[in-house]
Every structure is written in structure tokens, then in C-alpha cells.
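Here's a quick briefing to read alongside the structure. Have the viewer open and follow along topic by topic.

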Amino acid sequence: MKVRFEKLNRLRELGINPYPYEYEQTHKSKEIKENFEQLEKQAVSVAGRMMTVRLMGKAAFCDIQDEQGRIQIYLRKNEIGEQDFEIFKMLDIGDLIGIKGEVFKTRTGEISVFAREFKLLAKSLRPLPIVKEKEEDGKRIVYDQFADKEMRYRQRYVDLIVNPEVKEVFVKRTQIIRAIRSFLDERGFLEVETPILQPIYGGATARPFVTYHNALDRKLYLRIANELYLKRLIVGGFERVYEFAKDFRNEGMDRFHNPEFTLLELYVAYKDYKWMMDFVEQLFAHVAYQVLGTTKIHFNGNEIDLTPPWQRLTMYEAIEKFTGVDISNMDEKQLRETADKLKVEVTPEMGAGKIIDEIFGELVEPKLIQPTFIYDYPIEMSPLAKKHREKPGLVERFEPIIAGKEVANAFSELNDPIDQKERFLEQLKLRERGDEEAQMMDEDYIRALEYGMPPTAGLGIGIDRMVMLLTDQPSIRDVILFPQMRPENK
RNA sequence: GAGCCAGUAGCUCAGUCGGUAGAGCAGCGGCCUUUUAAGCCGUUGGUCCGGAGUUCGAGUCUCCGCUGGCUCACCA
């Protein structure tokens with residue numbers, strides 16, 4: 001870095017502004033490569049970050065990288081002049097430069113720009129990790145890859161400069177969200193915004209972040225979900241609403257959890273969870289097709305076929321299928337014995353629903369690689385879902401499982417205000433027993449339901465996990481540009 | 001929170017049995033007007049994560065700690 005500061009000063013002494021104000025960029029690297037026939041011998045001006053330099057005495061090659069990729073630049077002393085050539089020799093990898101010149105192909109066949117003039121656009125003072133690469137048999141071999149995960153996440157800007165495949169993941173993330181949005185918009189959904197700062201948090205079981213509003217002199221919570229607000233909108237007469245919500249949960253972090261994450265929630269009036277299953281299949285297939293051009297995706301070494309229809313199993317059927325035990329008529333005691341027999345650890349505080357959930361999570365879920373809807377959940381775990389129309393003790397809820405992980409959660413929404421109030425009271429009891437994650441009573445939400453909410457189907461999709469799935473990334477940190485990190489201590 | 005692994009030059013990494021700290025790339029100085037992991041010659045660069053201990057001697061062995069990664073637990 002010291003050397004680079006000195007160079008910066010020398011450049012200034014030569015009357016060069018190392019940080020000029022603008023540059024006219026007529027073409028991007030990829031456009032030039034894709035339209036070589038039309039552009040050959042045409043004047044272009046390109047700009048980007050210098051990623052490699054090969055000095056050849058009185059000539060030089062360098063590759064510059066712009067948003068779309070890289071292109072080689074060829075410079076000759078007698079073309080750009082002695083002084084500029086000396087200046088060029090002072091540049092470093094990482095500097096941003098602009099080139100005016102003509103498109104041509106080198107002796108070895110690489111499409112390049114023959115420089116007539118160049119301009120320094122921004123001096124880089126900090127050396128980039130040097131990554132070298134070479135093509136061999138069409139495969140890209142990378143040397144000295146910038147692979148330190150901590151540095152990659154902390155200095156994402158460097159990661160993006162140096163690892164092009166990282167950039168691709170985030171481009172796809174945006175395309176995925178765009179594909180979802182257009183799918184919903186075409187089907188008559190209204191995109192809405194609901195509060196992030198909430199006086200009462202609800203809609204999920206999780207611990208919140210707490211903050212404080214001075215003027216109101218009260219605690220506010222960063223939302224853990226937006227469910228209850230969206231359903232108020234259904235009460236208000238909107239029949240199809242959705243929101244891409246940044247939600248916040250004050251919990252541990254791992255491969256699947258970041259404290260802030262993106263959850264898509266949507267609600268559809270006059271529909272139930274069966275309708276929603278069809279909808280989810282269609283949505284996933286549509287998005288995969290839009291973004292990847294296929295509904296057969298690869299994730300973690302498995303080929304996963306998202307083509308509808310997906311397998312559908314009730315939770316009881318799924319457990320029976322993978323354990324051979326029919327638990328559909330068991331009471332809590334029998335369930336406990338079954339769990340012991342299956343070597344699933346359960347604690348005394350767990351109720352029947354929780355035990356079933358444990359057995360499922362332990363023995364069934366990881367085995368569901370191909371998309372599968374699991375439906376009809378025990379009531380205890382689902383205080384906002386409507387009671388099953390036929391099966392007592394269950395609710396009309398489903399989760400699609402893909403690659404051993406749930407990617408969404410949906411139910412026929414509970415719209416009976418009296419039942420809802422009782423469920424909240426149940427949750428309050430759990431709270432009093434010390435369950436910090438049990439939900440709070442939301443009187444206003446009950447009031448809204450008392451005005452009458454149409455039968456409604458609701459869905460939540462973990463967007464980060466969906467992006468992981470569609471881009472074959474193993475960690476949520478690989479699909480969030482700036483994942484939460486411990487403070488950097490030096 | 002537990003287990004496993006790692007931390008050595010700007011980057012990627014080697015370092016044997018405990019015996020003077022290494023390579024490639026990058027950097028710096030030279031040569032080179034179609035190269036492409038450019039090449040050739042020369043050269044700079046180190047708190048070996050920190051601390052303590054064992055030892056004549058520790059990058060290497062022991063203990064404690066720090067940081068990170070992975071797995072598990074917790075958690076949607």
C-alpha cells in the first residue's frame with residue numbers, strides 16, 4: 001500500500017487527477033465479444049477495473065473487468081504516446097481505467113480493444129487478492145482463489161470483484177424475486193407494505209429484536225412476520241395481497257438462519273390450503289423455468305425435479321412411510337414411547353404435537369429430497385391455522401419440503417375470532433410457563449377478525465432458502481450480500 | 001453451548017524427527033511491440049494468532065486463551 005500511495009503522489013505531480021469525474025462508456029465487455037463481427041475495427045470506449053497486466057516492453061496487454069465480464073486491452077507505446085505509456089506502467093491491478101480504441105482480434109484469436117488512448121478513472125490503493133485463471137479443455141482453472149469465507153463475507157466488494165460466480169448468484173437472486181413478483185402481479189395480487197416496527201409482534205414463533213421509540217415512549221419490536229397485518233388487509237377487502245418482507249428474529253445464526261432475512265407472505269381470499277398447494281407448485285416451476293430455463297434443478301449433488309405435481313403426504317402418512325409406525329391415533333404417552341423406540345430425543349415439556357414434530361424432523365424431513373407437500377399438522381404448533389374440517393386435533397396446514405428442508409409454510413387461515421382468541425390464550429399460558437417464543441395476544445387482530453375475514457389461504461416462502469435451492473448454494477450467507485457477522489476485532 | 005479442524009509473506013500454501021523461516025503468484029528494479037496462469041534476470045517482504053510452560057534450542061511438543069470454519073444442539 002505504501003508503494004501505491006507514492007504512485008498516487010507521483011501521478012498528481014504529473015498533473016493527473018487520479019479520481020476524475022466521469023467517463024464515456026460506449027460498450028460493455030460482453031457486448032463487444034458477442035457482436036464482434038459488427039464491431040470489428042469500430043471505435044469503442046470501455047471502462048473497468050484492471051485485473052491483469054502483461055507488460056511487453058513497448059507494448060502491453062491488460063484485462064479490464066466491467067459489470068458484464070472481462071475484455072483484453074492491447075496498448076502500444078507508439079499509439080498512446082510515451083508519457084501515457086509511462087503512466088500506464090505505473091498502474092496497478094485493481095485500478096479503474098477507461099480505454100478508447102478499436103475492436104480487433106489478436107494473433108491468438110482473442111477479441112480485444114486496440115487502445116488509442118487511456119485514462120485513469122480511479123486509483124486503487126489497496127491490493128486485491130490476486131486470482132489467476134486459465135482455460136483448459138473449456139474448464140476454468142483458478143489459481144490462488146480468494147476463498148477465505150470470513151473475508152469474503154466481510155469484504156463482499158472484494159468477493160464480487162474477484163469471484164465472478166458470486167456475482168451470478170446475486171443476479172439470479174434478483175431474477176428470482178422479479179419472477180415471483182410478475183407471477184403474482186399477473187394473477188391479480190397487490191403488493192403492499194406493512195409495518196416493520198410493531199408494538200406487538202406476532203405471526204410466528206420467535207424471539208424479536210426490541211427497540212424503543214422516544215416520542216411515543218414505548219417499546220417497539222422489529223417484526224418477526226407480517227402475517228397479522230396482511231390478514232387485516234384481507235379483512236379490509238383486498239382479496240390477494242403479498243409483501244416481500246425483511247423479517248428479524250433474535251436467534252442463533254447458522255447455515256440456514258440469518259437474523260434478518262426475506263420472507264414472502266401472500267394471502268388469497270376465498271381459497272383454502274389445497275388450492276394453495278397447486279399454487280405453490282406452479283409458482284416454483286414458473287420461477288425455476290424463468291430463471292434457469294428448466295424445472296429440473298441441481299442442489300447439493302441431487303437432481304431435483306420441480307415439475308408439478310409434487311408428491312403429497314399427510315404428516316401421519318409420511319411418518320408411517322419412513323418409520324413404519326402409524327401414530328395417527330396415539331395419545332401423548334404412546335407417542336413418547338414411540339419416540340423412545342425410534343431413538344428420537346424428547347423432553348418432558350414437549351406436548352403431543354411437539355413430539356410428532358420431533359419425529360418428523362428427525363426421521364422424515366431429511367429424506368424428502370424431491371419436492372413433497374406434507375400436510376395436516378397437529379394443532380398445538382399452529383395457533384393461526386384453521387382447524388381441520390374433518391380430522392380433530394389437526395389443522396389445515398402444509399409445508400413443501402425440498403432437499404430435506406422446508407421452503408415454505410401455508411395454511412387455511414383461521415378466521416373464527418372466538419377460536420383465534422382461545423388459541424392466543426393457549427399461547428399466553430405457554431408464555432407464563434416461560435416459553436419466550438409463544439405468541440402474544442393481539443387484541444386488535446381479534447377485533448379485525450370480529451368484523452369478519454373471508455375464508456383465506458396464506459403462504460410464506462423463505463426467499464433466502466428458495467434462492468439457495470435454485471442457485472445451489474450451501475449457506476444462507478452465500479445468498480445474502482452482507483450477512484450478519486461478529487464484530488471485526490483487530 | 002458441545003465436538004472436530006484451522007490460523008506461517010499481500011494471496012494460495014509447504015515446513016520432515018524439536019536444530020538458522022520456504023515456494024509460486026503479487027510487489028519493486030531491469031529486458032521484451034499480438035501476450036494471456038506471458039516469459040527471462042535480479043530483489044524486497046515475516047509479532048509463524050496471543051500468552052505461559054517443557055527444552056541447550058519451539059512454527060513444530062504441552063497447557064490456557066483469541067479468531068474463524070464445519071458439524072451438532074438451540075432455532076423456522
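Let's start with a charged residue: glutamate 413 is buried, with a relative accessible area of just 1%. Its salt-bridge partner is lysine 231, at 2.6 Å from N to O, and lysine 231 is buried too, at 0%. Keep in mind that this is a predicted model; the rest is grouped below.

**The Lys231–Glu413 pair**

- This salt bridge ties together distant parts of the chain, with the two residues 182 apart.
- Lysine 231 sits in helix α9 (residues 227–235), while glutamate 413 lies in the loop between β20 (408–412) and α14 (417–432).
- Both ends count as buried because the cut-off is under 20% relative accessible area: lysine 231 comes in at 0% and glutamate 413 at 1%.

**Other salt bridges**

- The model has 37 salt bridges by the rule used here.
- Glutamate 399 and arginine 397 pair through their side chains at 3.0 Å, N to O, and both residues are buried.
- Arginine 465 and glutamate 406 also form a salt bridge, at 3.1 Å from N to O.
- That pair is another link between distant parts of the chain, 59 residues apart: arginine 465 belongs to helix α16 (residues 463–471) and glutamate 406 to strand β19 (residues 405–406).
- Its two ends get different labels because buried means under 20% and partly exposed runs from there up to 50%: arginine 465 is buried at 17%, and glutamate 406 is partly exposed at 23%.
- There's a salt-bridge network as well, linking Arg4, Lys7, Asp92, Asp95 and Lys123.

**The β1–β2–β3 strands**

- Strand β2 (residues 59–66) is mostly covered, with eight of its eight residues buried.
- In a regular strand, side chains alternate between the two faces of the sheet.
- In β2, Ala59, Phe61, Asp63 and Gln65 point one way and Ala60, Cys62, Ile64 and Asp66 point the other way, and all of them are buried.
- On one side of the pairing, β2 runs antiparallel to strand β1 (residues 43–55) over six bridges, with methionine 50 bridging to isoleucine 64.
- β1 and β2 make a hairpin with three residues between them, and glycine 57 in that turn has a positive phi of about 85°.
- β2 also pairs with strand β3 (residues 69–76), again in the antiparallel sense, over eight bridges; here alanine 60 has leucine 75 as its bridge partner.
- The β2–β3 connection is a hairpin too, through two residues.

**Nonpolar cores**

- The largest nonpolar core has 48 residues, and Ile180, Leu266 and Met276 touch the most other members.
- Helix α10 (residues 273–292) is the top contributor to this core, giving ten residues.
- Leaving out residues up to four places away in sequence, isoleucine 180 touches Phe244, Leu264, Leu283, Val287, Ile463 and Met466.
- A second, separate core holds 40 residues, among them Val344, Met350, Leu368 and Val395.

**How confident is the model?**

- Chain A has a mean pLDDT of 90, and 98% of its residues reach 70 or more.
- Confidence in chain A is lowest in strand β7 (residues 139–143), where the mean is 70, and highest in strand β8 (residues 190–191), at 97.
- The overall scores are ipTM 0.84 and pTM 0.92.

Key:
Residues numbered from 1 in each chain as written. Chains lettered and ligands numbered in written order. Predicted model: local features only at pLDDT ≥ 70, side-chain atom pairs only at ≥ 80, totals over all residues. Heavy atoms only, no water. Core = buried A, V, L, I, M, F, W, Y, C linked by side-chain atoms within 4.5 Å. Buried < 20%, exposed > 50% of the residue type's maximum accessible area, 1.4 Å probe, protein only. Helix = DSSP H or I, 4+ residues; strand = E, 2+ residues; numbered from the N terminus. Contact = heavy atoms within 4.5 Å. pLDDT = per-residue confidence, 0-100. Pairing = 2+ DSSP bridges. Salt bridge = Lys/Arg side-chain N within 4 Å of Asp/Glu carboxyl O.
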